[in-house]
Amino acid sequence: MTKQNVVMQEEPAVAVAAAAPTRPVSGGANHARYKKFLSRPDLSSGGGGGGKAGSWIESMKASSPTHVKSAAARAVSSFASHDEQDYDGWMKLHPSALDDFEVLAAASKGKQIVMFLDYDGTLSPIVDDPDRAFMSDEMREAVREVARQFPTAIVSGRCTEKVTSFVELSELYYAGSHGMDIKGPNDGPQHLKAKAENVLFQPARDFLPMIDEVYKHLVETTKCIPGCRVENNKFCLSVHFRCVDEKKWCLLAEKVRSTITDYPKLRLTHGRKVLEIRPSIKWDKGKALEFLLESLGYDGFNDVFPLYIGDDRTDEDAFKVLQDRGQGFGILVSTIAKETNASFSLREPAEVLKFLRRIVEWKQISMEECRV
């Protein structure tokens with residue numbers, strides 16, 4: 001394969017998986033819809049300058065909780081801080097979705113809620129071994145109940161096959177590889193009038209040989225760094241450094257950069273203790289959210305109320321879409337204060353579980369009241 005120069009970009013990586021649409025989309029319609037999205041002037045194409053390793057070391061440190069406070073001292077924003085006082089102040093701008101549940105419920109009254117859920121750090125805790133990021137049985141049951149009440153989507157940077165194996169719910173839509181691999185439910189949810197058909201959408205299919213080639217190079221070039229883990233998420237690659245000694249971060253960043261430096265059609269981004277390599281196409285979680293809403297038949301309707309829950313900077317694109325649309329809310333899962341486009345917050349997956357149970361209970365009570 002011919003190699004060329006890579007574009008390094010400090011834009012967040014993307015992740016998605018979705019659930020339960022009401023109107024399936026054929027492959028031809030998917031292609032036409034994707035072309036329409038690409039023609040929109042608000043979609044950025046990626047790219048950017050070729051940053052130096054030093055800036056990526058700072059980014060890697062900033063994504064680590066142990067470095068949040070030092071990063072805040074350098075950042076323009078005053079929100080990235082461990083101090084409880086700062087967090088309390090931040091909470092006034094991004095109140096708890098549990099404490100202010102009635103506000104959220106009132107805003108969604110009479111509208112169709114559509115649920116979008118990130119996986120790692122949202123439905124499951126962040127763990128050292130990415131292959132052991134299992135969700136609890138209680139969380140799985142809560143997501144199942146949510147899907148019975150609302151169209152539901154899992155949105156993840158993981159490959160679709162991996163996140164599907166973790167969630168183990170066939171009634172959902174899954175948008176893996178940051179939304180570049182979208183598949184519909186095998187089982188139609190009960191609340192849909194018609195059984196949804198499986199939908200397959202892969203806007204980055206042509207990148208598969210390149211991704212596989214870079215994956216092999218990365219595995220080989222990083223094998224000398226203890227704790228490093230390269231994960232092939234089909235349409236993107238994740239280089240996990242959670243278990244890498246910080247003294248080796250500079251070496252790791254340089255090896256990743258040198259490996260992909262001959263691939264201009266790929267871009268390097270970062271998330272929570274992970275470097276991500278993905279195609280430089282006009283696609284991210286926000287675009288995937290819009291695509292899924294349109295696939296569900298809700299595009300252009302004022303009575304739809306999307307809720308997106310995520311914990312990572314890769315989810316900010318989806319939060320921004322909801323903010324710009326003036327529909328629904330983004331809910332950030334975080335124990336620290338940081339800049340976000342989300343309207344509400346939750347501290348951890350345990351609170352996400354409580355929120356999911358509460359919204360199901362609220363929906364059931366609302367339905368009972370309508371029958372009276």
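What share of the 372 residues in the chain is buried? Buried residues make up 56% of them, in what is a predicted model.

**View 1. The whole chain, before zooming in.** Let's start with the overall tally: 12 helices and 13 strands make up the secondary structure here. Looking at contacts with a separation of 6 or more, 69% come from residues 24 or more positions apart. As for the outside, the chain has an accessible surface of about 16000 Å², and carbon and sulfur atoms account for 50% of that.

**View 2. F201 and its aromatic partners.** The chain has 13 aromatic pairs, and this close-up takes in two that share F201. The rings of F201 and W283 are edge-to-face, because their planes sit at 70°, with the centres 5.4 Å apart. F201 belongs to strand β6 (residues 200-201), while W283 is in the loop between β10 (274-279) and α10 (285-295), so this pair ties together parts 82 residues apart in sequence. Both ends of the pair are tucked away: F201 is buried at a relative accessible area of 5%, and W283 is buried too, at 2%. Turn to F291 and the geometry becomes stacked, with F201 and F291 at 4.3 Å centre to centre and 10° between the planes. This pair also links distant parts of the chain, with F201 in strand β6 and F291 in helix α10, 90 residues apart. F291 is buried as well, its relative accessible area being 0%.

**View 3. A cluster of three rings.** Here we move to another group of aromatics: F101, F355 and W362. Ring pairs are what link these residues into a cluster.

**View 4. S334 in its loop.** Which stretch holds S334? Look in the loop between β12 (329-333) and β13 (344-346). Despite the loop address, S334 is buried, with a relative accessible area of 5%. Setting aside neighbours within four places in sequence, S334 has contacts with Y87, L346 and R347.

**View 5. Strand β9, covered on both faces.** Why is strand β9 (residues 266-271) described as largely enclosed by the rest of the structure? Because six of its six residues are buried. Take the faces in turn: one side carries L266, L268 and H270, the other R267, T269 and G271, and all of these are buried.

**View 6. The β9-β10 hairpin.** Staying with β9, we now bring in its partner: β9 and β10 run antiparallel and pair over six bridges. One place to look is T269, whose bridge partner in β10 is E276. At the turn, the hairpin has two residues between the strands, and K273 takes a positive phi near 55°.

**View 7. Helices α8 and α9 crossing.** How do you sum up two packed helices? The angle between their axes and the distance between the axes do the job. For α8 (residues 208-222) and α9 (residues 249-260), the axes come within 10 Å and cross at roughly 145°. The crossing of α8 and α9 is right-handed. On the α8 side, the contact is made by V214, H217, L218, T221 and T222. On the α9 side, L252, K255, V256, T259 and I260 make it.

Terms used: Residues numbered from 1 in each chain as written. Predicted model: local features only at pLDDT ≥ 70, side-chain atom pairs only at ≥ 80, totals over all residues. Heavy atoms only, no water. Helix = DSSP H or I, 4+ residues; strand = E, 2+ residues; numbered from the N terminus. Buried < 20%, exposed > 50% of the residue type's maximum accessible area, 1.4 Å probe, protein only. Contact = heavy atoms within 4.5 Å. Areas by Shrake-Rupley, 256 points an atom, 1.4 Å probe, with all protein chains shown as cover. Phe/Tyr/Trp six-rings, centres within 6.5 Å; stacked < 30°, edge-to-face > 60°. Pairing = 2+ DSSP bridges. Axes fitted to C-alpha atoms, helices over the stretch in contact; angles between N-to-C directions. Left-handed = near helix turned anticlockwise from the far one by under 90°.
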